[in-house]
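Visitor: I am new to this one. Could you walk me through it in short steps?
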Amino acid sequence: MAKYVYFFGGEQAEGRADMRNLLGGKGANLAEMVNLGIPVPAGFTITTEVCTLFYQNDRQWPEGLEEQIKENIKKVEEAMGSKFGDPDNPLLFGVRSGARVSMPGMMDTVLNLGLNDDTVQGIIKMSGDERFAYDCYRRFVQMYGDVVKGVDHDEFEALIQAKKDARGVTLDTELTAEDLKELVAEFKAKYKEVVGEDFPTDPWEQLKGSVNAVFLSWMNPRAIRYRRINHIPGDWGTAVNVQAMVYGNMGGEGQEASGTGVAFTRNPATGERHYYGEYLWNAQGEDVVAGIRTPQPLEKLEEEMPEVYKQLTDIFEKLEQHYTDMQDVEFTIQRGKLYMLQTRAGKRTGTAAVRIAVEMEREGLIDRDTAVLRVPPGDLDQLLHPQIDPNTKYEVLTTGLPASPGAAVGRVVFTAEEAEEWAERGEKVILVRNETSPEDIGGMDVAEGILTARGGMTSHAAVVARGMGKCCVAGAGDIVIGDKQFSVGDVVVKEGDWITLNGTDGEVIVGKMELVEPEVTSGDFGTLMQWADEIRTMEVRANADTPHDAEVARGFGAQGIGLVRTEHMFFGEGRITAVRQMILADNAEDRRKALAKLLPMQQADFAGIFRVMKGLPVTIRLLDPPLHEFVPHEDKQIAELAEEMNVPVEKLEARIESLKEFNPMLGHRGCRLAITYPEIAEMQVEAIIAAACEVAKEGINVVPEIMIPLVGTTGELEILKELCDRVAKETMEKAGVEVEYHVGTMIEVPRAALIADKIAENAEFFSFGTNDLTQMSFGFSRDDAGSFINEYRDRDILERDPFQSLDQEGVGQLVEIGVQKGRSTRPEIKLGICGEHGGDPDSVEFFHRVGLNYVSCSPYRVPIARLAAAQAQIKNPR
Ligand code: PEP
Ligand code: MG
């Protein structure tokens, strides 16, 4: 029979760390800790396979599971010296989810399971504390009711409030054992009222219900949402960990006290090498993470319980040496005895990831390849994020904890729904909450930054924001949140007001601050990038349209420009009128006159880029978008232009009308423009070559690459290649200088990929335009697809947005065919990609595998692509 359940406890566990696919991250690591001799309360893990079977079998348990669970309960009983359901010496369980990768707070947990009116007596006997026992009991009824049967948490909270009112007290801790005992009865009555049946007293029934609830929570909307944001497949399933309870809320004094905490073996925000954590006395696990009470820093434990502190930090060292990575642990101290409840690779900011990787390599804990693989390329984004200009002086409204670094500027909103609504309208928002909960995940995802009034460095807001690489200030305790406003003293900030957050120092500032770009060539970041550059075999270029962008790109390490979209220059100051005159001219001669005005401007633009790039390759694309994008559409503008061009308004209107298309993306654009209006292409080629000659005379050796967009047939390229060569020759003769140049094409129409062998006869290079290639392969409009792509992702029709991460299965095939066929005709052909996918790490890995020479992406993503290319080389050497 299949093995569904794995025991951990005593001397030896059945699982190991490398079994995380089967046991989930939590279960695999609990087993590993047992194997390392670390104190862990005994328990067992029900595998992720059972979750899959559960969904396949109409939410039934597979045969044999029940027996296996019962056998394992016996083993836990032996290890813990107590018995499940025994009124004298009861064993209680905590039931927790555990997916392959951690999904903090997204799924359900039931604690203190096994309590009923009989076993509670055993807990009283064991602890000698009646109040504690009834507090556990009422927590259990509440959690079980909420998680397993969907009784609203607030229904129970209302009963607690009523009890406090009746007793004239304000804190939960002021309720007596008798009050709590009454509350248990009231909770059960509420349960019966809502659920329509009695609260289950049989511990086995309780366990079954809780295990099922954890499986079911795999499919709750927030877990689905989280998976979508983090690209976690829906069919992985969760494991269930059933573990003997230990009690951080069991009271006790001095060295016999109880408490619970979370800690990191290095600082998860900065990466600094020191222990970092928080704990609460007399609390149960979830209390620390929920951020309801503000906990104490871990260093305090060294004073308060030196022996436990020493034992704990010895465990930190053991775990780091064993896993060779920074660990995030949960621990409980029950009457002075330490238990570890979890260890996992700690989530960290991009800054911390880089520092930890570089320092661990230096410490000899990991090798260089491992260090390079340790940093998720997308996380570098955070390091590349702006900071508040260090040279500006500003007034800080209030401070909180520096939970996740970088700076953010946005307008204040107070709910996750509002954040999503505002962001949808294109507003930049800062989400301000007392504390966040997993329901807020969507709003957090769209916000520029997050500010909370309560909670510590390990609160939900802090953990999730760091994972998202988003600026967060947590636990800003002076903030009082009211109705659509918050105040600090007598300063009131209303919904929609601008604020700035500095997540690096935990500062909140009223108004919009100036942000500056970070330094990326020095320090640990510089070291990691240098290692990446030594490893990678694929080049990284940038898409840039201006000398300024080119400069930024160079700063980030771009090895050339893979795409200059010339049309972006057409909107510049003083140009659009000439462009419009060119477009709206109704004969070639007038068009040439307008083009003559544009020529020197384009030439100056190109020369500027060439100068910045100092001899590195620059690929300039001829005009691509449909012409109607440049013409005026408002009456007033049309009238002004008509006067300037000295033509009747009606004539101009008719010409504008004639440019309208039903499907402009599939219409008169790309090389189709150059074929029908060759004088436009002639002007552009002349500007490119003249600029190259100009800078060549200055001693800068440039090799421009002229790129023809949207080619789908051999005829198009033949005609335009001939045009380029002819104009280039004339221009060089005029300038009296010879420069080397190349003519190539984009591969962005599926047909071009399919006939790439023929296309390559006239193309010295290909650049895959994966934006259009995706649009035309799927038949999804790149400008309108957002609406249904989100639903497609929700319903698992699409795993990712194919405009962000290359669809390797489909569009990827076209790229592969293009590569193969292109090289079959012209083995030395240079192959690159300049669609948005050039900056997406998974796509970069794909492009490496299919053998492209370079990727080109937006300047800010260049470091990400450099690191992704290095990781691709380590994983698939070529
Ligand atoms: C592309 O289609 O991938 C491309 C780079 O061109 P554009 O985005 O300008 O259409
Ligand atoms: Mg394109």
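What follows is a set of questions and answers on this predicted model.

Visitor: At what angle do helices α13 and α19 pack?
Guide: Helix α13 spans residues 350–363, and helix α19 spans residues 523–535. Their axes lie 9 Å apart. Angles of 65 to 115 degrees count as roughly perpendicular, and α13 and α19 are therefore placed in that class. The angle is about 70 degrees.

Visitor: Which residues of α19 make the contact with α13?
Guide: From α13 come Val354, Arg355, Val358, Glu361 and Arg362. By class, the contact holds five nonpolar, one polar and four charged residues. On the α19 side, the residues are Asp524, Phe525, Thr527, Leu528 and Trp531.

Visitor: How far apart are the axes of α2 and α8?
Guide: Helix α2 covers residues 48–56, and helix α8 covers residues 203–217. They pack at an angle of about 85 degrees. Angles of 65 to 115 degrees count as roughly perpendicular, so α2 and α8 are roughly perpendicular to each other. Their axes are 10 Å apart.

Visitor: Which residues in α8 meet α2?
Guide: The α2 side offers Val50, Cys51, Phe54 and Tyr55. The contact divides into six nonpolar residues, one polar and no charged. The partners in α8 are Asn212, Phe215 and Leu216.

Visitor: How many residues of helix α22 are buried?
Guide: Helix α22 runs over residues 576–584 and is mostly covered. Its buried residues include Ile576, Arg580 and Leu584. Of its nine residues, the buried ones number eight.

Visitor: Which helices do the buried residues of α22 pack against?
Guide: Among the buried residues of α22 are Ala578, Val579, Gln581, Met582 and Ile583. The buried residues pack against several helices. These are α21, α23, α24, α25 and α27.

Visitor: Is Asp135 buried or exposed?
Guide: Asp135 sits in helix α5, residues 130–149. Leaving out residues up to four places away in sequence, Asp135 touches Leu180 and Asn249. Its relative accessibility is 10%, and buried means under 20%, so Asp135 counts as buried.

Visitor: What is the relative accessible area of Leu301?
Guide: Leu301 belongs to helix α11, residues 299–304. Not counting residues up to four places away in sequence, Leu301 touches Tyr279, Trp281, Pro306, Tyr309, Leu312 and Ile333. Leu301 is buried, and its relative accessible area is 0%.

Visitor: How far apart in space are Leu301 and Gln68?
Guide: In sequence, Leu301 and Gln68 are 233 residues apart. In space, taken C-alpha to C-alpha, they are apart by 40 Å.

Visitor: Is Thr324 buried, exposed or partly exposed?
Guide: Thr324 lies in the loop between α12 and β11. Thr324 has a positive phi of about 45 degrees although it is not a glycine. Its relative accessibility is 23%, and the range between 20% and 50% is the middle class, so Thr324 counts as partly exposed.

Visitor: Is Asp796 buried or exposed?
Guide: Asp796 is in the loop between α32 and α33. Its phi is near 60 degrees, a positive value in a residue other than glycine. The relative accessible area is 60%, and the cut-off is over 50%, so Asp796 is exposed.

Visitor: How many cavities of 30 Å³ or more are there?
Guide: Rolling a probe the size of a water molecule over the atoms shows where empty space is left. The largest cavity has a volume of about 90 Å³. For cavities of 30 Å³ or more, the count comes to five.

Visitor: Which charged residue lines the largest cavity?
Guide: The lining has six nonpolar, five polar and one charged residues. Among the lining residues are Pro41, Leu111, Gln243, Met245, Thr332 and Leu341. Asp, Glu, Lys and Arg count as charged. In this lining the charged residue is Arg96.

Visitor: What is the volume of the second largest pocket?
Guide: This pocket is lined by 24 residues, and Thr270, Thr351, Leu383, Pro405 and Thr504 lie nearest its centre. The elements α13, α15, β15 and α19 each give two or more residues to the lining. The lining divides into 11 nonpolar, 10 polar and three charged residues. The volume of the second largest pocket is about 480 Å³.

Technical notes. Residues numbered from 1 in each chain as written. Chains lettered and ligands numbered in written order. Predicted model: local features only at pLDDT ≥ 70, side-chain atom pairs only at ≥ 80, totals over all residues. Heavy atoms only, no water. 1 Å grid on protein atoms, 1.4 Å probe; cavity = no way out; pocket = protein on both sides within 12 Å on 5 of 7 lines; lining within 4 Å. Points joined across faces, edges and corners; volume = space filled by probe spheres on them. Axes fitted to C-alpha atoms, helices over the stretch in contact; angles between N-to-C directions. Helix = DSSP H or I, 4+ residues; strand = E, 2+ residues; numbered from the N terminus. Parallel < 35°, antiparallel > 145°, perpendicular 65-115°, else oblique. Contact = heavy atoms within 4.5 Å. Buried < 20%, exposed > 50% of the residue type's maximum accessible area, 1.4 Å probe, protein only.
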